[in-house]
Amino acid sequence: MNGAEPTIDLKRNRDRMVRDQIEARGVSDPEVLRAMRKVPRHLFVEEALIPQAYEDHPLPLGHGQTISQPYVVAWMTELLEVKPGLRVLEIGTGSGYQAAVLAEMGAYVFTVERVRPLQAAARKRLEGLRYLKVCFKLDDGTLGWPDAAPFDRILVTAGGPKVPEPLIEQLADPGRMVIPVGETRRSQRLHVVRKENGRVVARRLGEVTFVDLVGAHGW
């Protein structure tokens with residue numbers, strides 16, 4: 001995989017995605033917008049779904065998982081307040097698209113996935129695109145990555161009934177986590193969790209729908 005654009009239309013579609021789906025809904029961080037324009041989303045979906053890669057909805061990856069809709073990726077990334085050089089733990093590698101966006105912004109990404117075929121495919125994509133600041137782990141994501149902690153930022157791309165305690169413990173002080181949390185599996189609210197001076201404060205935002213966060217501290 002060399003990351004070359006198959007046609008000019010895909011680049012145009014990506015620019016339109018950023019303008020009409022992301023900027024139009026209020027995402028304004030210039031580095032988030034730049035990364036969303038740069039990362040070739042169509043290389044992170046199955047070939048048959050490439051014509052839909054830049055549309056305003058999630059797409060299936062197989063194994064019961066999805067690649068989130070572009071706006072949600074951008075919104076969560078903006079809420080995370082990523083800066084170059086920060087260490088970011090991602091729970092749920094999926095296709096690798098979110099990890100690519102974070103790496104494009106200069107973060108060192110530690111990404112955990114529990115489904116082996118998804119992890120293998122994501123690693124191949126990201127290495128092929130030369131995103132070399134990404135480390136991979138096959139494990140229960142609700143346990144985090146204790147050997148690599150602490151993390152400046154944590155991003156969880158699946159919804160669970162609570163914020164997993166291991167992730168709170170592995171969050172640096174100061175640090176920030178973005179995670180969907182809900183009492184049912186059908187919908188969640190996005191939470192921004194901040195740790196500062198030993199205090200942990202969570203702020204609830206809008207409703208979202210993610211696949212299940214499965215594991216010892218999830219469903």
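Where in the chain does Glu81 lie? Glu81 is found in the loop that runs between helix 3 and strand 3. The legends below describe close-up views of a predicted model.

**View 1. Backbone of Glu81, a residue with positive phi.** Glu81 is not a glycine, yet its phi is positive, near 55°. The view shows this residue within the loop between helix 3 and strand 3.

**View 2. The cavity of the predicted model and its lining.** The structure holds one cavity of 30 Å³ or more, and the space in the largest cavity comes to about 350 Å³. Its lining is made up of 29 residues, and the closest to the centre are Ile91, Gly92, Thr93, Gly94 and Thr157. Elements that give two or more residues to this lining are strand 2 (65–67), helix 3 (70–80), strand 3 (87–91), helix 4 (97–104) and strand 4 (108–113). Strand 2 provides the largest share, three residues. Sorted by class, the lining of the largest cavity contains 13 nonpolar, 11 polar and five charged residues.

**View 3. The open sheet of seven strands.** The strand order is 5-4-3-6-7-8-9, with mixed pairing. Strand 5 (134–138) and strand 9 (199–208) each have a single partner strand and stand at the edges, so one side of each has no neighbour in the sheet. On average, neighbouring strands of this sheet are turned by 15° against each other, direction ignored.

**View 4. Helix 5 on the sheet.** Helix 5 (residues 116–128) packs on the sheet, where it touches strand 4 and strand 5. The direction of helix 5 makes about 165° with that of strand 5.

**View 5. Pairing of strand 8 with strand 9.** Strand 8 (residues 188–196) pairs with strand 9 in the antiparallel sense, and eight bridges join the two. Within this pair of strands, Val193 stands opposite Ala202 of strand 9. Strand 9 is also one of the two edge strands of the sheet.

**View 6. Surroundings of Asp152 in strand 6.** Asp152 belongs to strand 6, which covers residues 151–156. With neighbours within four places in sequence left aside, the contacts of Asp152 are Leu86, Arg87, Leu171, Ala172, Gly175 and Arg176. Gln170 is 18 residues from Asp152 in sequence, and the C-alpha to C-alpha distance between them is 9.0 Å.

**View 7. Two cis peptide bonds that precede proline.** The bond from Ala149 to Pro150 is cis, and its omega is near 5°. Pro150 sits in the loop between strand 5 and strand 6. The bond from Asp173 to Pro174 is also cis, with omega near 5°. Pro174 sits in strand 7 (residues 171–181).

**View 8. The salt bridge between Glu31 and Arg34.** Side chains of opposite charge can pair when their charged atoms come close. Here the side chains of Glu31 and Arg34 form a salt bridge with an N to O distance of 3.0 Å. Both residues lie in helix 2 (residues 30–38), and the three residues of separation correspond to about one turn of the helix. Over the whole structure, a search finds 14 salt bridges.

Conventions. Residues numbered from 1 in each chain as written. Predicted model: local features only at pLDDT ≥ 70, side-chain atom pairs only at ≥ 80, totals over all residues. Heavy atoms only, no water. 1 Å grid on protein atoms, 1.4 Å probe; cavity = no way out; pocket = protein on both sides within 12 Å on 5 of 7 lines; lining within 4 Å. Points joined across faces, edges and corners; volume = space filled by probe spheres on them. Helix = DSSP H or I, 4+ residues; strand = E, 2+ residues; numbered from the N terminus. Nonpolar A, V, L, I, M, F, W, Y, C, P; charged D, E, K, R; others polar. Pairing = 2+ DSSP bridges. Axes fitted to C-alpha atoms, helices over the stretch in contact; angles between N-to-C directions. Contact = heavy atoms within 4.5 Å. Salt bridge = Lys/Arg side-chain N within 4 Å of Asp/Glu carboxyl O.
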